[in-house]
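Colleague: Please take a close look at the largest cavity in this model. Which residues line the largest cavity? Then place that cavity among the other spaces and the ligand site.

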Amino acid sequence: MIDVDAELDLTPGARDQVFLDSAGSSLPPRTVVDAVVGHLRREAEVGGYRAAAERAEELAELPLALARLLGCGPEEIALTDSATRSWTQLVSAIRWRPGDRVLICGNEYAGNAIPLLQRARYDGVVVEVVPDDGHGDPDPDAFAAMLDDRVRLVSLVHVATNSGHVTRFEPIAAAARAAGALVLLDACQSAGQLALDVDRLGVDALTGTGRKWLRGPRGTGFLQVRPDVVAALEPAAADLRGGTWISGAGGTGATSYELRNDAARFELWEHDVAGRLGLKAAVDHLLALGPAEVEAAVRASATLLRDGLAGLAGVTVHDVGEDLAGIVTFTVDGQDPVETKELLSAADVTVSVSDASSTRIDMTARGLASVVRASPHYFVSESHLDRAVAAVAELAESS
Ligand SMILES: *Cc1c(COP(=O)(O)O)cnc(C)c1O
């Protein structure tokens, strides 16, 4: 069991408000803030290079900590500045041929869809949507019928940005890999919320961000890539972190380069060192609590909140599917979600709004323009969840 009171002591921002936006940008524990701010101060004293050198050991431990979190080796981890950067670094490394097919699912995220549609526009790649099975998951039979040897990439989203649903993607990931397609999982909303294990997930690569459920700083992210697919993937814009400029065959002109042979080939040289120290503190915090404990606590909080909201007259809960986790989506009948968010904010309840433009396929299919998104982390107490339900009830009555 997580000691919520002890966690609140470490999370000053969560005492006076009901914080329900860990799917957007969570509240960091004090250790994360101290790591970031302390390093910025040190940089001001001795310069960024010396300050980084002083923390070299801890920085080298970040890939180890992330690898522990994901159940993989540290050579499978690349550090980036966002989930989207991780995703585009990986996808840019596929050498596309005209007519190559990419299969995406109904819960695809705009930040992934747009770079794929660029490949469609400029490289003749064909982007197709796997039909839904009627329960919010990609249909395995329909997927099997779509698979052929022109499918280069299958893009999966573990937990969508606009739903509590945990996607059952494992059957199609296995089929796709057996058919020789690369399988990429967007774990941006699951990392830090759900206990993850790359062997059980069974994908070739996954992406995550620091600021959401991991409670890390903004501007941090990571990519995990299986060692057996790294060699075939060369990021379109590698730099002197992912590669080395070497002399050509004649030995004079500097005419060639070599890429690293681990996942760090996807990294870029310049990065926010303070942010990485903060991310290290965030991952350490999660590992100390235990990812399985965190998952259980998040699921319990979200269930309390979802059930509370579902019981209110004039409120519609929009989460669909059997396996619902930490994201709760709803609308107050007759009220624009942005207005609901603002009124809740005035009542010291922090939520966000998920718009159709982020998950267009799914929102269009369900006839939704936007929903209120409430995402309680383990540090939100039961009394705070009750306060949130009461605040929504009041809005629904006066709406
Ligand atoms: C937030 C989000 C992303 C993007 O994460 P960034 O760190 O902002 O790049 C990707 N996928 C999903 C499902 C998300 O919710």
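Modeller: The largest cavity is lined by Pro29, Gly192, Trp213, Leu214, Arg215, Ala282, His285, Leu286, Leu289, His377 and Tyr378. This is a predicted model, so read every distance and volume below as computed from it. The volume of this cavity is about 50 Å³. Its lining divides by class into 7 nonpolar, 3 polar and 1 charged residues. The charged one is Arg215. Gly192, His285 and His377 make up the polar group. Searching the whole structure turns up 3 cavities of 30 Å³ or more.

Now the open space. The largest pocket holds about 490 Å³. Its lining counts 25 residues. Arg241, Glu267, Trp269, His271 and Arg276 lie nearest the centre of this pocket. By class, the pocket lining has 14 nonpolar, 2 polar and 9 charged residues. Four elements each supply at least two lining residues: helix H3 (48–54), helix H4 (56–70), strand E2 (77–80) and helix H11 (273–289). H4 gives the most, with 5 residues. H11 also links the pocket to the cavity: its range, 273–289, takes in Ala282, His285, Leu286 and Leu289 of the cavity lining.

Next, the ligand. It is surrounded by 13 residues. The closest are Thr84, Thr161, Asp186, Thr209 and Lys212. The shell splits into 5 nonpolar, 5 polar and 3 charged residues. Asp186 and Lys212, both among the closest residues, belong to the charged class.

Three polar approaches involve ligand oxygen. At Thr84, a ligand oxygen is 2.5 Å from an N or O atom of the side chain. At Gln189, the distance from a ligand oxygen to a side-chain N or O atom is 2.9 Å. Ala83 takes part through its backbone: one of its polar backbone atoms is 3.1 Å from an oxygen atom of the ligand. Taken alone, the ligand exposes 390 Å², and the protein buries 92% of that.

In sequence, the ligand shell and the cavity lining have neighbours. Lys212 is one of the closest residues to the ligand, and Trp213, Leu214 and Arg215 line the cavity.

Last, the whole chain. Its secondary structure comes to 15 helices and 15 strands. The radius of gyration is 22 Å, close to the 21 Å from the globule rule for 399 residues, so the chain is as compact as a globular protein of that length. Along its principal axes, the C-alpha trace spans about 80 × 60 × 35 Å.

Key
Residues numbered from 1 in each chain as written. Predicted model: local features only at pLDDT ≥ 70, side-chain atom pairs only at ≥ 80, totals over all residues. Heavy atoms only, no water. 1 Å grid on protein atoms, 1.4 Å probe; cavity = no way out; pocket = protein on both sides within 12 Å on 5 of 7 lines; lining within 4 Å. Points joined across faces, edges and corners; volume = space filled by probe spheres on them. Near = heavy atom within 4 Å. Polar contact = N/O pair within 3.5 Å; in protein donor to acceptor, adjacent residues only side chain to side chain. Areas by Shrake-Rupley, 256 points an atom, 1.4 Å probe, with all protein chains shown as cover. Rg over C-alpha atoms; globule rule 2.2 N^0.38 Å.
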